[in-house]
Structures are given as structure tokens and as C-alpha cells.
Amino acid sequence: MTDTGPAPAPMASGRQGSATRTDGAGGVELRNVTKRFVTPTGAAMTAIRDVTLTVEPGQFCAVVGPTGCGKSTTLTLAAGLEMPSAGSVRVSGEPVTGITKGASFVFQSDALLPWKPVLDNVALGPMFRGMNKAEAKERARDWLRTVGLAGFEQHYPHQLSGGMRKRVSLAAALINEPSMLLMDEPFSALDVQTRAIMSNELLTLWDRQKPSVIFVTHDLEEAIGLADKVVVITAGPGTVKAEFEIDLPRPRGDVQSIRFNKRFLELYQQIWEALREEVDEAYARTSRTADRAQAAGGRV
Ligand SMILES: Nc1ncnc2c1ncn2[C@@H]1O[C@H](COP(=O)(O)OP(=O)(O)O)[C@@H](O)[C@H]1O
Ligand SMILES: [Mg+2]
């Protein structure tokens, strides 16, 4: 990390749990969705099968499941980047036929342009949508202030820490006022403390705009701390194994402290029961594949 200039400020606080989305936009409905891909060897492989999943407008849904079970695939279907092989995908009540309007993505890696200062990176979205440059930069400046990065506008992404780059990514996503926010393991490359800070900040920002969120994570604690609903996906080809309503009160406050809450622990235990079997199954399959490869003398 090569931070120069002022330290990042804490994010402007907002009261969680206050706003509700009134326009009804952003709800996601996957109904009996199957997605098959053709692998490089020409074989068909099923990434997800018969997935039925509803996220209400303004709802925060976390998706957990073992590696390779189709979590990222599910997000790309909601984003309209891929079309289902069977079943239907609707966002804001409309069938998805191309790139979904009103969707913003946040990935594990920061999808920032390394050759542009962060102000320009954040201003890109509105400019693509036709806003003039000066206005887009003004809004980007406001957003950088909101995520505690006033004073860093002219820094390049590589001059920021991982946590600060993640704030830039969040600003770049939220400046578009998405009705649906798709997050693919967004915090998993961050250290534990930064991750907790980012989780709290995400909840504050979510509460202001109330997009519906699909948040993919490996981390069950993170999922429960953030979400209204946790969906467990089976080992691949993934399908919905179980859904759990997270009835912890909002505002959640500090996501690290809520982990000591009795109800949190109950939910954790309950959901982990469902998730563990799938993680074990995925692991056993990987081991079997590795054994076969070894038996074949390294040829798979
Ligand atoms: N574009 C693609 N072409 C071929 N196979 C793919 C493609 N995208 C994903 N897959 C396969 O689909 C399965 C699910 O992938 P993914 O959705 O990335 O899982 P997860 O995000 O849960 O780890 C994996 O076996 C992966 O290799
Ligand atoms: Mg993935």
C-alpha cells in the first residue's frame, strides 16, 4: 500500500432501518432456472439447476454455498449478462432480455481503471449514462466524500489500500443509484478488520438507497450479519437447498458485535447444518477427482 495524503475519514453516518423503497423497483425473481455451459472440451455442464429465488425490492439477500456451486452464475443471470438455458429471470417485474437496467455489480477484484484517478473512475457510470462530465465529476466528488475518501480524488487506484479501493468500488456502484446491487464476494480479499468496517458501511449505504441486494459470500457470519435472508445453495450443479429469514433487528449496528447475540448464534448453527453438508459434499468430490487423476498417473 502506498497511501499518501489524508487518512480516510469515517463514513458519513446514516440511520439504518429507516428508509423503505417505495418505487417497487429492483425485485428479482428467478423461477426454475437452469444454466448450462459448454466447456472448452465441448461437453455440456450444468452450473445451476432449477433455481427458484425471489428477492423483494429493497431486500438484502445473501447467498452461500460451496465453491463452484453456481453463485456467480446466478448473479450473471440476474445482471442479464447470461441468459438461462431454462426457466425465467425477472427484475422489477420485467423479463430480463439483455443487460439489466438499474443493476450495479461489485466484485471481489476492484473493477477500476488503473490509469484513471479515482474521481474519474467514479464519474464513469453517470457519464456512460449521458451526464455531462462536469456534473458527473461533481457527483463523484460527493460520493467519494460519502465513502470517506474526500482528499483522495486524484489518487490512482494503486495508491490506495484494499479497503479504500473497495470504498471507491462501492461509490462507483452506488453513484448509479441502482435498484439492484449484485455483490460477488466483494470483501473476501480484505483483512478481517477492514471487512467488518466495510460491512457496516455497506449497511449504512444500502439503507439510504434501499436497492435489492444479492450478496454472494463464503462467510456465513458475514451473510447473517448483513442480510434479511440467507439462501443456501447445494454443491454443484447448484439449486436452492434452504432459505432462512434473518430476524435480527435493524439497525444491526456493529456487525462484529452482533455475532455475540444469542439469536445470531442460533441462526448460525441452524444455517451451518444446511451448509456443512454441501461443503463436505463439494470437498469429497474434489478429493475423488484428485484421486482419480493420481490413479491415472496425472492424466485426467
Ligand atoms: N462461462 C462458463 N463456461 C463454462 N463453465 C462455466 C462458465 N461459468 C461458470 N462455469 C462453471 O459453472 C460452475 C459454477 O461456476 P460459478 O457460478 O462460478 O460458481 P461459484 O461462483 O459458486 O464458485 C463451475 O463448475 C464453473 O466452472
Ligand atoms: Mg464465484
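## Surroundings of ligand 1

In this predicted model, ligand 1 is surrounded by 13 residues, of which Phe37, Ala47, Lys71, Ser72 and Thr73 come nearest. By class, the shell comprises 4 nonpolar, 8 polar and 1 charged residues.

Two secondary-structure elements, strand β2 (44-55) and helix α1 (71-79), each supply at least two residues of this shell. The largest share comes from α1, with 3 residues.

## Domain organisation

The protein chain is divided into two domains. Domain 1 is assembled from the segments 23-102, 180-196 and 207-300, whereas domain 2 covers residues 111-177. The C-alpha centres of the two domains lie 27 Å apart.

Contact between the domains involves 7 residues of domain 1 and 6 residues of domain 2. On the side of domain 1 that touches domain 2, 5 residues are nonpolar, 2 are polar and none is charged.

## Packing of α2 against α3

Helix α2 spans residues 118-128 and helix α3 spans residues 133-146. The two helices pack at an angle of about 120°, and their axes are 8 Å apart. At this angle, α2 and α3 are therefore oblique to each other. Their crossing is right-handed.

From α2, the contact draws on Val118, Leu119, Val122, Ala123, Pro126 and Met127. These meet Lys133, Ala136, Lys137, Arg139, Ala140, Arg141, Trp143 and Leu144 of α3. By class, the residues of this contact divide into 10 nonpolar, no polar and 4 charged. The charged residues listed are Lys133, Lys137, Arg139 and Arg141, which belong to α3.

## Packing of α2 against α4

Helix α4, residues 162-174, also packs against α2, here at an angle of about 25° with the axes 7 Å apart. Angles under 35 degrees count as roughly parallel, and α2 and α4 are therefore roughly parallel to each other. The crossing of α2 past α4 is right-handed.

Val118, Asn121, Val122 and Gly125 of α2 form this contact with Val168, Ala171 and Ala172 of α4. The residues involved divide into 5 nonpolar, 2 polar and no charged. Asn121 and Gly125, both in α2, are the polar residues of the contact.

## Residues of α2 in both contacts

Val118 and Val122 appear in the contact of α2 with α3 and again in the contact of α2 with α4. Other α2 residues listed for the contact with α3 include Leu119 and Met127, while those listed for the contact with α4 include Asn121 and Gly125.

Notes: Residues numbered from 1 in each chain as written. Chains lettered and ligands numbered in written order. Predicted model: local features only at pLDDT ≥ 70, side-chain atom pairs only at ≥ 80, totals over all residues. Domains from an automatic or database assignment. Contact = placed C-beta atoms within 7 Å. Axes fitted to C-alpha atoms, helices over the stretch in contact; angles between N-to-C directions. Helix = DSSP H or I, 4+ residues; strand = E, 2+ residues; numbered from the N terminus. Parallel < 35°, antiparallel > 145°, perpendicular 65-115°, else oblique. Left-handed = near helix turned anticlockwise from the far one by under 90°. Near = placed C-beta within 6 Å.
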